[in-house]
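Here's a walk through a two-chain model, going from overall build to a few local oddities. Have the structure open and follow along.

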Amino acid sequence: MANKKVDFHVTGDQDVTYKKVGKRRLFTNPDADEAREFFHAKSRRMVDKTTTVKEAVSKYIHDGDYFAAGGFGSNRIPAAVLHEMVRQKKKNLGFSGHTSTHDMQILIAGNCLDRCDAAYIVGLEARGLSKISRKGFESGAIEATEWSNATLAWRYKAAAMGLSFLPARSTLGTDTIEYSASVEMPCPFTGKKYAAVPALYPDVAAIHVHRSDIYGNCQIQGIAVSDLDLARAAKRLIITTEQIIHNEDIRRAPHSTVIPYYLVDAVIEVPYGAYPSNMAYEYFTDEDHLMEWLKAEKDEEELKKFLDKNIYNCENHWDYLEANGGMERMNQLRTQENLTDRR
Amino acid sequence: MSSYNGMELMICLASRYLEDDGTVVVGTGAPCAAAMLAQKTRAPKLMIMFEAGGVGPLLPSMPISVGDSRTYYKGLVSTSMPEIMETCQRGMVDYTFLGGAQIDMYGNINSTHIGDYETPKVRFPGSGGANDLASLCWRTMMITPQDKNRFTNDINFITSPGYLTGKGAREKAGLPPGCGPYKIITDLAVLGFDEETCRMQVELIHPGVTREQIIENTGFELLWADEVLESAPPSDVELEILRNEVDPRRYIIGRG
């Protein structure tokens, strides 16, 4: 069959105009060559990367860094890392508010943030708005730049692809783009208008997974949200895992490896490491505990006591679990997740 | 005919706009209930998707989060947020439902803030996936109570696009042609959009509601469809399925 002649308009020989519609600040450098330099120098050695949460947070997350959390706010969040960041009093962090709910709430309780790419912030979905998160933005203490979930996800994707931007068809025509840092540009082939969104290369990210070997080869069950791109976009990556498995188990099912070891800097085994968020096929969200958080926020004294009990007086994630019903509670959440609580 | 509350009526009406073999991206709450009811009544092959990556679950109960494991319980696919959003961008998602603090006569929605941007009086979550879904899905719907503060042209911030400033404005802005707001289902009426002006118009009035009530509860001038009909109330079958199968714990319909 003869090739069908494709008639498309190439705008390459015309003057192309870019329009900087987004007037807010871009917090990270989108330059792909700068990123290549960094990744060029990043070790590919397949060595034992197991450590402790305390060590990893101290070594890989620095004051002023731009940080991103994996998962979806109240699902598969790296809770143990977030609590340790608060304990270590990390300051002036940038944050990717991509579907962020309880993860952001923890970091704001610790006064860790001063700037934020905002796609979804301050709310806990149907559970209501977080008072302290609202205050962080309403007081102007945290500087925001607006995005949508897709454009922020595609910013990770652009970085994961080793690019400096991607074109997108959403946000055009709205205040969301006006308060972003996007640029309008014509497609070089069709002349049609796109929102160009800059690549987002976070300094550091933390992702909680179901299984990892000691090198950082990871398996995730259920939805990936944006974590596959985030893992590739982040310059440094901390993995907490429900379970460390043998490398031969990874090799038995290579199709299940969604994050390869060469992206990973640290691996820590943290059972129930996403608690109080939902870990697919393991344990459901502790809805009562999330409601306790929202309630405690309404009173400064109550919040202080609450944070002492759940974060500052805890040495590690085991202490936090213990403070909230320990294994008995974890088992209830397991039956909720598996629906075996219904008879 | 059984009695019903406002929430039950809105969910039943919304469910009737979802066609069989269609695809819908929903959040939690009333939209999810409407999609589940549609599946169990007139649209058994409606494909339900969640923006965090869940596709085609056999929902055992109402999800609490759009990313919780219920959203892909016995599902067809558990994938990623970019995958769902790119499916919308490719033009394969027919319907979506949005919420918001304010909506204007062109169906533009504010879910970002009230006040000024730097130090807002109230900061809301922002777009989340709403802007993307409103930009990229074919038909956008909303289930919302109707009052003067919510239905206003004095909209503080356009988070998600309706028809922007009128006919042709979406396309001019660069949004994919042929999509936009479709139906707004409130506790008083079902509102559509006039084809010529893209302004909101009253199409159905709920039983017992007057035109004056609708006007009083809207902050801008509404248009009226040539033929304004009365909304058909929930059938016994719809109510039975909604109450016994979709939301037996009354999480959503209890708010009516």
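A residue counts as buried here if 20 or more other C-beta atoms lie within 10 Å of its own. By that yardstick, 57% of the 256 residues of chain B are buried, and for chain A the share is 52% of 343 residues. Keep in mind that this is a predicted model.

**The two chains side by side**

Here are the basics for each chain.

| Property | Chain A | Chain B |
|---|---|---|
| Secondary structure | 13 helices and eleven strands | seven helices and 14 strands |
| C-alpha box along the principal axes | roughly 70 × 50 × 45 Å | about 45 × 45 × 35 Å |
| Share of contacts at separation 6 or more that join residues at least 24 apart | 76% | 65% |

Why does the 21 Å radius of gyration of chain A agree with a compact globule? Because a compact globule of 343 residues would come out near 20 Å. As for chain B, its seven helices and 14 strands come with a radius of gyration of 18 Å, close to the 18 Å that the globule rule gives for 256 residues, so chain B is as compact as a globular protein of that length.

**The core**

The largest nonpolar core has 163 residues. Which of them touch the most other members? They are Leu107(A), Ile11(B), Val25(B), Ala35(B) and Leu37(B). Take Ile11(B) for a closer look: once you set aside its neighbours within four places in sequence, it is in contact with Ala30(B), Ala33(B), Ala34(B), Leu37(B) and Leu242(B). Leu37(B) thus shows up twice, as a contact of Ile11(B) and in the list of core members with the most partners.

**Where the chains meet**

The contact between the chains takes 51 residues from chain A and 48 residues from chain B. On the chain A side, the elements that give two or more residues are H5, helix H6 (149-160), helix H7 (175-178), strand S7 (193-198) and helix H8 (227-233). H6(A) gives the most, with five residues. By character, the chain A side divides into 21 nonpolar, 18 polar and twelve charged residues.

**A three-stranded sheet in chain A**

Two of those interface elements, S7(A) and H6(A), turn up again in a small piece of architecture. Three strands of chain A form an open sheet in the order S5-S7-S6, with antiparallel pairing. Strand S5 (165-168) and strand S6 (183-186) of chain A stand at the edges, each with a single partner strand, so one side of each is left without a neighbour in the sheet. Neighbouring strands are turned by 40° against each other on average, ignoring direction.

Zoom in on the S6(A) and S7(A) pair: they run antiparallel and are joined by four bridges. Val183(A) stands opposite Ala196(A) in S7(A). H6(A) packs on the sheet, where it touches S5 and S7 of chain A, and its direction makes about 145° with that of S5(A).

Within helix H6 of chain A you'll find Ala159(A). Is Ala159(A) buried or exposed? It's buried, because 27 other C-beta atoms lie within 10 Å. Beyond its neighbours within four places in sequence, Ala159(A) is in contact with Ala35(A), Ala199(A), Leu200(A), Tyr201(A) and Ala233(A). There's also Leu230(A), 71 residues away along the chain, with its C-alpha atom 8.4 Å from that of Ala159(A).

**Backbone oddities in chain A**

Most residues other than glycine have a negative phi, and most peptide bonds are trans. A few spots in chain A go the other way.

Thr99(A) has a phi near 50°, positive even though the residue isn't glycine. It sits in the loop between strand S2 (93-97) and helix H4 (102-109) of chain A, and it counts as buried because it has 32 C-beta neighbours inside 10 Å.

Val122(A) is another non-glycine residue with a positive phi, about 60°. Its place is the loop between strand S3 (113-118) and helix H5 (131-138) of chain A. Val122(A) is buried too, with 29 other C-beta atoms within 10 Å.

Finally, which peptide bond is cis, with omega near 10°? It's the one from Tyr275(A) to Pro276(A). Pro276(A) lies in the loop between strand S11 (266-269) and helix H10 (287-296) of chain A.

Methods. Residues numbered from 1 in each chain as written. Chains lettered and ligands numbered in written order. Predicted model: local features only at pLDDT ≥ 70, side-chain atom pairs only at ≥ 80, totals over all residues. Core = buried A, V, L, I, M, F, W, Y, C linked by C-beta atoms within 7 Å. Buried ≥ 20, exposed ≤ 12 C-beta atoms within 10 Å, placed from the backbone. Contact = placed C-beta atoms within 7 Å. Rg over C-alpha atoms; globule rule 2.2 N^0.38 Å. Nonpolar A, V, L, I, M, F, W, Y, C, P; charged D, E, K, R; others polar. Pairing = 2+ DSSP bridges. Axes fitted to C-alpha atoms, helices over the stretch in contact; angles between N-to-C directions.
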